[in-house]
Amino acid sequence: MSIAICPGSFDPITLGHLNIIRRTSKIFDRVVVCVMHNSTKPSPMFTVEEKLDMVRRSVSRYPNVEVDTYDGLLAEYAKRYEGAVLVKGLRAASDFEYEFQMNLINKQINPQLETMFLTADGKYTFLSSSVVREMAFYGADLKGLVPNEIIDDIEKKAKLWRGRDGK
Ligand code: ADP
């Protein structure tokens with residue numbers, strides 16, 4: 001059985017992430033979406049529990065996709081699944097440089113681990129979680145950027161953030 005791991009911080013999950021997950025689910029028998037606790041991205045908008053819940057609701061229509069979380073190195077996590085392949089989305093040259101470097105590091109920790117890249121859908125090349133957070137903070141319409149199931153969650157959290165910043 002072929003297994004793919006789609007990792008990310010998903011703060012929050014966007015339609016760009018979901019596009020990669022859906023396409024991966026057509027290629028692999030089983031897909032594990034792993035919500036990473038990301039130490040390099042400080043002050044996340046959502047807690048890991050909130051992110052997990054939003055990712056679960058967003059992928060519930062895909063029967064071969066499951067959701068997990070991990071606090072540690074991705075290359076270590078991947079050792080749990082024999083033969084698993086990391087699948088990541090590439091939006092731009094900047095993603096490539098970062099991913100190329102990550103892949104070299106992952107290979108040192110786990111030499112068996114392969115990474116595959118899917119090019120971002122043209123509709124979503126501009127889309128990132130940080131764009132969504134920014135738009136939400138200023139009260140912009142989030143339709144077409146994130147799964148409909150999680151728009152309320154983001155709007156509620158953005159309201160709290162605005163309150164905190166006195167806006
Ligand atoms: P972000 O870069 O938005 O903070 P993550 O760290 O959660 O998101 O990214 C997880 C994976 O999803 C990475 O491989 C990233 O390149 C990919 N990804 C993020 N946004 C998109 C998008 N709009 N289209 C395709 N892939 C994406």
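Contact here means heavy atoms within 4.5 Å. With that usage in place, this report describes a predicted model, beginning with a residue of strand 5 and moving on to the ligand, the loop after strand 1, the cysteines, and two further residues.

## Phenylalanine 117

Phenylalanine 117 belongs to strand 5, which spans residues 114-119. Apart from its neighbours within four places in sequence, phenylalanine 117 is in contact with Lys88, Leu90 and Glu99. Its C-alpha lies 5.7 Å from that of valine 87, although the two residues are 30 apart in sequence. Phenylalanine 117 has a relative accessibility of 31% and therefore counts as partly exposed.

## The ligand and its shell

Eighteen residues surround the ligand, and those that come nearest are Ser9, Gly89, Arg91, Tyr124 and Leu127. Polar atoms of three residues and their distances to ligand atoms are set out below.

| Protein atom | Ligand atom | Distance |
|---|---|---|
| Serine 9, backbone N or O | oxygen | 2.8 Å |
| Arginine 91, side-chain N or O | oxygen | 2.9 Å |
| Leucine 127, backbone N or O | nitrogen | 2.9 Å |

On its own, the ligand has 530 Å² of accessible area, and the protein covers 89% of this. Two or more residues of the shell come from each of strand 1 (3-8), helix 1 (15-27), strand 4 (85-90) and helix 4 (93-109). Helix 1 supplies the largest share, with three residues. By residue class, the shell comprises six nonpolar, seven polar and five charged residues.

## The loop between strand 1 and helix 1

Two backbone features concern this loop. Phenylalanine 10 is located between strand 1 and helix 1, and its phi is positive, at about 50°, although the residue is not a glycine. As a general matter, most residues other than glycine have a negative phi, and most peptide bonds are trans. With a relative accessibility of 2%, phenylalanine 10 counts as buried.

The loop between strand 1 and helix 1 also contains proline 12. The peptide bond that joins aspartate 11 to proline 12 is cis, with omega at about 5°.

## The cysteines

How many disulfides does the structure hold? The number is zero. Cysteine 6 takes part in no disulfide, and the nearest cysteine sulfur, belonging to cysteine 34, is 10 Å away. Viewed from the other side, the closest cysteine sulfur to that of cysteine 34 is in cysteine 6, and the 10 Å between them is too far for a bond. The cut-off behind this reasoning is that the two sulfur atoms of a disulfide lie within 2.5 Å.

Is cysteine 6 buried or exposed? Cysteine 6 is buried, because its relative accessibility is 3%, and the threshold for that class is under 20%. Cysteine 34 is likewise buried, its relative accessible area being 0%.

## Arginine 23

Arginine 23 is placed in helix 1. The C-alpha atoms of arginine 23 and cysteine 6 are 11 Å apart in space, and the residues are separated by 17 in sequence. A relative accessible area of 22% makes arginine 23 partly exposed.

Two polar interactions involve the side chain of arginine 23. One is a polar contact of 2.8 Å with the side chain of asparagine 19. The other reaches the backbone oxygen of threonine 119, at 3.0 Å. Threonine 119 also appears among the residues in contact with arginine 23 once neighbours within four places in sequence are set aside; these are Leu118, Thr119, Ala120 and Asp121.

## Serine 128

Serine 128 occupies the loop between strand 5 and helix 5 (129-137). Its relative accessible area is 16%, so serine 128 is classed as buried. The side chains of serine 128 and serine 130 form a polar contact at 3.0 Å. Not counting residues up to four places away in sequence, serine 128 touches Thr14 and Arg91. Arg91 is also one of the residues that come nearest to the ligand, and its side chain places an N or O atom 2.9 Å from a ligand oxygen.

Methods: Residues are numbered from 1 along each chain as its sequence is written. This is a predicted model: local features need pLDDT of at least 70, side-chain atom pairs count only at pLDDT 80 or more; totals for chains, interfaces and linings use all residues. Side-chain values use heavy atoms; hydrogens and water are left out. A residue is near a molecule or strand if one of its heavy atoms lies within 4 Å of it. A polar contact is a pair of N or O atoms within 3.5 Å; within protein, one must be able to donate a hydrogen and the other to accept it, and residues adjacent in sequence count only if both atoms are side-chain atoms. Accessible areas come from the Shrake-Rupley method with a 1.4 Å probe; for residues, only the protein chains shown count as cover. Helices (H or I, at least four residues) and strands (E, at least two) are DSSP runs, numbered from the N terminus. Ala, Val, Leu, Ile, Met, Phe, Trp, Tyr, Cys and Pro count as nonpolar, Asp, Glu, Lys and Arg as charged, and the others, Gly among them, as polar. Buried means under 20% relative accessible area, exposed over 50%, partly exposed in between (1.4 Å probe, protein chains only).
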